[in-house]
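Welcome! Here are some short exercises to work through with the structure in view. Try each task yourself before you read the solution.

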Amino acid sequence: MTALPATQERLGISHLMLLTAGISIAFFVARGIEHLRFPADAHYYKLECPSGVHAFGMLIAAIYGLCVTMVVLAIRARDFWLSPGKTLALLFTTMCVLNWSLEFIASAVTYVRMQTDLAPGVVDRRGYILGIWYGNFAVDVGYVACLPVLLWVICKTKNQPFCFRLTWVGFLFFALLIIGQVHLGFRTYVGSALNFWYFEAAIGIPICLLIAAIARSVTRRDAMDWWTIMTAVPVISVWFVAISLKLLA
């Protein structure tokens, strides 16, 4: 069984300042994409102004900003593949880059198309990109695109503790469950109760494995670097917030 590596890297004020800056930039990017998408939203959903700030959406943006900044800092650090925290940050950075890139593409394409009025009698297909509705474009394409990265991560982390390697397999299983829901109609094979909690249950698989891996490391008093704490705690917290908000809705 491989133990977590001890590290000489210390969390400094400069790290915290950069992480704060990264989260702030993520807020700006998330709101920018929403405003870019607004002409299409206004046309198809009869909105009069861009949607307000959603607390949970900003939490997701904060996680994205945190993880992207962590990866940028970790690139120059040693032993990237020995740290579960750096690996977790890489996975969420991949989600961030794919999600926001695809959202930007869909928003930019529909923004340009909305500048042109349709001739009378012409079917309005300006909201479709490669046959995919612009609001679903990031989900339909993104989870499939992340599969090679997940497989690569599983291969590269063979020297990490088993429980953390199992967590990365859990993220692969989560992606496959979402692909099954989006492209194969998995929701038709489960009950209504599970349908309601499908996404939270799917992402809960790797999150629970992550909690178990950290708990095991703590009880065994294995060395754990600050990268792991700084990445895992916010990710786990947001999952609990998502469940709480859905219960209260």
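**Exercise 1. Placing T69**

Task: Find the helix that holds T69, and decide whether T69 is buried or exposed.

Solution. Start with the place: T69 belongs to helix α2, which covers residues 55-75. Keep in mind throughout that this is a predicted model. Next, look at the accessibility: T69 has a relative accessibility of 11%. Buried means under 20%, so T69 counts as buried. Finally, look for its partners: beyond its neighbours within four places in sequence, T69 is in contact with L18, L19 and G22.

**Exercise 2. Classifying ring pairs**

Task: Describe how the rings of Y128 and W133 are arranged, then do likewise for Y143 and F174.

Solution. A pair of aromatic rings is described by the distance of the centres and the angle of the planes.

- Step 1: The structure holds 15 aromatic pairs. In one of them, the ring centres of Y128 and W133 are 5.1 Å apart, with 65 degrees between the planes, so this pair is edge-to-face. The cut-off used here is that planes over 60 degrees apart count as edge-to-face.
- Step 2: Y128 has a relative accessible area of 32%, so Y128 is partly exposed.
- Step 3: The rings of Y143 and F174 are also paired edge-to-face, at 5.7 Å centre to centre and 80 degrees between the planes. Y143 lies in helix α4 (residues 137-145) and F174 in helix α6 (residues 162-183), so this pair ties together parts that are 31 residues apart in sequence.
- Step 4: F174 has a relative accessible area of 3%, so F174 is buried.
- Step 5: Look for a cluster: ring pairs link Y44, Y128, W133 and Y134.

**Exercise 3. Following salt bridges**

Task: Work out which parts of the chain are linked by R37 and E103, and which by E200 and K246.

Solution.

- Step 1: The whole structure has six salt bridges. One of them joins R37 and E103, whose closest N and O atoms are 3.4 Å apart. R37 sits in helix α1 and E103 in helix α3 (residues 84-113), so the pair links distant parts of the chain, 66 residues apart.
- Step 2: Both R37 and E103 are buried.
- Step 3: E200 and K246 form a salt bridge with 3.2 Å between the closest N and O atoms. E200 lies in helix α8 (residues 198-219) and K246 in helix α9 (residues 226-248), so parts that are 46 residues apart in sequence are tied together.
- Step 4: With a relative accessible area of 13%, E200 is buried, whereas K246 is partly exposed at 24%.
- Step 5: R220 and D222 meet in a salt bridge at 3.5 Å, N to O. R220 counts as partly exposed, with 45% relative accessibility.
- Step 6: Now look for shared partners: salt bridges join R37, D41 and E103 into one network.

**Exercise 4. Charges over rings**

Task: Which ring lies under the charged end of K86, and which ring does K246 lie over?

Solution. Take K86 to begin with: its charged end sits over the ring of W227, 4.9 Å from the ring centre. Then turn to K246, which lies over the face of F196, at 4.5 Å from the ring centre. Recall that K246 also forms a salt bridge with E200.

**Exercise 5. The surroundings of F171**

Task: Decide whether F171 is buried or exposed, and list its contacts beyond its neighbours within four places in sequence.

Solution. F171 is found in helix α6. With 1% relative accessibility, F171 counts as buried. Apart from neighbours within four places in sequence, F171 contacts L88, L91, F92, M95, L150, I203 and P206.

**Exercise 6. Positive phi angles**

Task: What is notable about the phi angles of K46 and R221, and where do these residues lie?

Solution. K46 is not a glycine, yet its phi is positive, at about 55 degrees. K46 is placed in the loop between α1 and α2 and counts as exposed at 67% relative accessibility. R221, also a residue other than glycine, has a positive phi near 60 degrees. R221 lies in the loop between α8 and α9 and, at 78% relative accessibility, counts as exposed.

Notes: Residues are numbered from 1 along each chain as its sequence is written. This is a predicted model: local features need pLDDT of at least 70, side-chain atom pairs count only at pLDDT 80 or more; totals for chains, interfaces and linings use all residues. Side-chain values use heavy atoms; hydrogens and water are left out. Rings of Phe, Tyr and Trp (its six-membered ring) pair if their centres lie within 6.5 Å; planes under 30 degrees apart count as stacked, over 60 as edge-to-face and the rest as tilted. Buried means under 20% relative accessible area, exposed over 50%, partly exposed in between (1.4 Å probe, protein chains only). Helices (H or I, at least four residues) and strands (E, at least two) are DSSP runs, numbered from the N terminus. A charge sits over a ring if NZ of Lys or CZ of Arg is within 6 Å of the ring centre and within 35 degrees of the ring normal. Contact means heavy atoms within 4.5 Å. A salt bridge is a side-chain nitrogen of Lys or Arg within 4 Å of a carboxyl oxygen of Asp or Glu.
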